[in-house]
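Work through the exercises below with the sequence and the model open. Each task is followed by a solution in steps.

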Amino acid sequence: MTLLYLMINGLQIGSIYALVALGYSMVYGIVKLVNFAHGEIIMVGAYSMWYVMSRFSVPAWLAAALSVAICSVLGMFIEKIAYKPLRNSDRLSLLVTAIGVSLLLQNLAQLFFTANPRMFTNIFAGTVTIGERQFSNATTVTIAVSTIIMIGLTLLVKRTKIGKAMRAVSEDKETATLMGINVNNTISFTFALGSGLAAVAAVFYCCSYSQIQPTMGGMLGLKAFVAAVLGGIGSIPGAMIGGLCIGIAESLTKGYISSKLTDAVVFGILIVVLLIKPSGILGRRQNEKV
Amino acid sequence: MSALFKSNPFRYSLNAVSVAGLYAVIMFLIETGVLNRYQALMLIPIGFNIILAVSLNLTAGFLGQLPLGHAGFMSVGGYAAALFSMSASLPTNVELPLALAVGWIVAAAFGLVIGLPALRLKGDYLAIITLGFGEIIRVIILNLKFTGGAYGLKGIGRQTTVTWVYICVVITLFIIGALIKSRHGRAIISIREDEIAAEASGIPTTYYKALAFTVSAGFAGVAGGLYAHYLSIMDPSSFGFMRSAEILVIVVLGGLGSIFGSVVSAIALTILPEALRGFSDYRMVIYSLLLVAVMIFKPSGLCGRYEFSLGDTIDGLCSRIRGALSGKGGGGDGGGS
């Protein structure tokens with residue numbers, strides 16, 4: 001029973017990682033950028049939800065929708081301001097800019113909301129019983145909603161026009177332009193989509209951990225990024241699989257080894273993956289052209 | 001006699017004299033109280049920030065690979081140095097240099113062990129794997145017994161003085177500067193310019209990457225040792241990703257590939273927050289805005305790849321004066337290159 005319990009907890013945190021990893025993966029696929037600011041978008045999502053709920057006492061679903069909207073707009077805005085001018089420059093400058101944006105968001109949050117952690121009330125109170133164990137509603141809702149979102153996202157990318165455009169742009173920007181695809185709009189859409197997913201992840205994260213602080217995005221974002229690399233960066237199903245794997249690995253480490261070593265295990269996985277198969281589980285290997 | 005300081009011996013002696021002169025000026029200012037006690041203490045963080053920035057610049061600027069785990073090496077070196085000096089009981093002037101040497105060696109060994117596998121990757125992946133290693137180092141230090149776990153180390157002798165920091169800065173600048181100017185340095189720079197072309201020209205790229213990485217990690221360790229003996233405590237939580245990012249900000253602002261730029265921006269970015277104490281809340285906000293702005297408007301950093309050379313400057317000045325004395329001739333541009 002312990003194993004089942006740990007697995008379900010792992011699936012829960014894994015779904016959160018997967019939602020965040022999808023953002024990393026889509027953005028990397030389309031602009032070849034490790035968006036370090038993505039973790040901070042989660043934090044912004046959490047704070048906007050908390051702020052709206054505690055100040056204006058709006059219903060939870062509205063607050064969640066608002067925070068998704070805020071994050072989507074923020075994601076597009078960041079891309080327009082910080083990444084677009086650098087789209088054709090050195091990859092290193094782009095990476096440093098992303099780190100800069102991440103530091104900026106984190107410190108702005110610290111300025112506005114102070115470094116003290118804020119308490120967040122669980123909007124999915126209550127429990128359900130599976131077998132002999134009790135699971136919180138947050139767990140079941142997180143897993144269920146994430147699954148629905150992931151199916152929806154797969155359909156979006158596979159079946160719709162904008163999904164086709166996204167795949168085309170990530171394949172080859174110039175050719176996509178020649179085919180009449182608006183590359184700028186497609187990139188903006190990708191950022192909005194990824195940031196919106198991060199906001200959803202933020203809502204679920206807050207419900208199960210009930211504490212938010214300006215630095216919360218850092219570690220969460222890094223681990224989600226590890227998940228994206230594990231699944232094969234640039235691949236959407238890969239991000240989902242990677243997220244779930246990382247979540248389960250973390251949960252099992254907590255249960256069987258030591259809760260202090262979870263970070264070391266996650267980054268250990270990253271290092272092993274990068275050394276053995278840098279393209280990840282589902283990633284495509286890219287040959288180097290001279 | 002167009003250039004006064006063209007020959008190497010001249011340049012070395014000129015630099016040696018100016019280094020000694022600068023030291024004398026600093027000491028004079030401290031002795032006479034022009035710099036008060038607090039300002040004199042500020043020289044120490046300036047010193048170890050210079051060492052950190054210059055050593056990171058070796059990999060980020062000259063090798064062209066972006067490591068994000070510099071704070072990890074700093075903490076390894078710092079802990080090694082602190083543990084050494086806490087267990088040894090030697091006179092201060094012997095103990096500190098030995099401890100710093102231990103810090104250098106241990107951090108460099110870590111750099112080599114981590115660098116060899118990590119350097120097989122490039123660009124973003126290298127950045128991420130070094131970040132991963134940095135975090136693992138922090139978690140392991142947090143969980144080890146002899147490093148004091150989450151409590152860190154306490155009661156390390158406060159042995160770091162302005163003199164020792166000055167000596168370490170000079171040694172770092174000399175070694176990294178000489179390395180860059182040597183044949184090996186040109187090999188390292190060729191990897192930055194085009195790795196495939198460098199390899200095709202017969203440069204052992206793996207060797208040079210590992211060399212740059214190891215040296216860089218070693219000096220980060222020295223900075224860690226100075227840090228430990230300055231604060232007299234080591235706290236694992238102060239060596240996270242944020243610290244690595246701060247060092248990166250210094251290097252990028254100064255200019256990737258400019259040692260002079262790193263020195264200037266390390267000095268500026270250490271003094272600025274102290275000078276703006278009232279705005280301490282805004283410090284990191286301003287830092288990060290600066291970082292993004294510099295990347296967008298001047299991606300090469302404030303100094304680009306400019307290197308300051310005392311000999312060249314004096315030569316330039318001399319020829320300019322000569323030009324002015326002989327009159328007519330030309331305008332302001334005294335061509336002393």
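**Exercise 1: a helix pair in chain A**

The crossing of α2(A) and α8(A) is right-handed, a crossing being left-handed if the near helix is turned anticlockwise from the far one by less than a right angle, and right-handed if clockwise. The model is predicted: local features need pLDDT of at least 70, side-chain atom pairs count only at pLDDT 80 or more, and totals for chains, interfaces and linings use all residues. Residues are numbered from 1 along each chain as its sequence is written, while chains are lettered from A and ligands numbered from 1 in the order in which they are written.

Task: Describe how α2(A) and α8(A) pack, and name the residues that meet.

Solution.
- Step 1. Locate the helices: α2 covers residues 38–56 of chain A and α8 covers residues 183–209 of chain A. Helices (H or I, at least four residues) and strands (E, at least two) are DSSP runs, numbered from the N terminus.
- Step 2. Take the geometry. The packing angle is about 55°, and the axes are 8 Å apart. Axes are lines fitted to C-alpha atoms, for helices over the stretch in contact, and angles run from 0 to 180 degrees between N-to-C directions.
- Step 3. Classify the angle. Under 35 degrees counts as roughly parallel, over 145 as roughly antiparallel, 65 to 115 as roughly perpendicular and the rest as oblique; α2(A) and α8(A) are therefore oblique to each other.
- Step 4. List the contacts (C-beta atoms, placed from the backbone, within 7 Å). From α2(A) come H38(A), I41(A), I42(A), G45(A), A46(A) and M49(A); they meet residues of α8(A) including G194(A), A198(A), A202(A) and C206(A).
- Step 5. Sort by class: this contact has eleven nonpolar, four polar and no charged residues. Ala, Val, Leu, Ile, Met, Phe, Trp, Tyr, Cys and Pro count as nonpolar, Asp, Glu, Lys and Arg as charged, and the others, Gly among them, as polar.

**Exercise 2: where the chains touch**

Task: Which helix of chain A gives the most to the side that touches chain B?

Solution.
- Step 1. Count both sides: 34 residues of chain A are in contact with 32 residues of chain B.
- Step 2. Find the contributors. At least two residues each come from α4 (91–113), α9 (216–231) and α11 (262–276) of chain A.
- Step 3. Rank them: α4(A) gives the most, with 14 residues.
- Step 4. By class, the side of chain A that touches chain B has 23 nonpolar, seven polar and four charged residues.

**Exercise 3: I247(B) in its surroundings**

Task: Is I247(B) buried or exposed, and which residues does I247(B) touch?

Solution.
- Step 1. Place the residue: I247(B) lies in helix α10 (residues 241–254) of chain B.
- Step 2. Apply the cut-offs: buried means 20 or more other C-beta atoms within 10 Å, exposed 12 or fewer, and partly exposed in between, with C-beta atoms placed from the backbone. I247(B) has 25 C-beta neighbours inside 10 Å, so I247(B) counts as buried.
- Step 3. Leaving out residues up to four places away in sequence, I247(B) touches L52(B), A53(B), L56(B) and H70(B).
- Step 4. Set this against the chain: of the 337 residues of chain B, 43% count as buried.

**Exercise 4: two serines with positive phi**

Task: Where do S57(A) and S232(B) lie, and what is the phi of S57(A) and of S232(B)?

Solution.
- Step 1. Recall the background: most residues other than glycine have a negative phi.
- Step 2. S57(A) has a positive phi of about 40° and lies in the loop between α2 and α3 (60–83) of chain A. With 8 other C-beta atoms within 10 Å, S57(A) is exposed.
- Step 3. S232(B) has a positive phi of about 65° and sits in the loop between α9 (205–231) and β2 (233–234) of chain B. With 15 other C-beta atoms within 10 Å, S232(B) is partly exposed.

Technical notes:
Contact = placed C-beta atoms within 7 Å.
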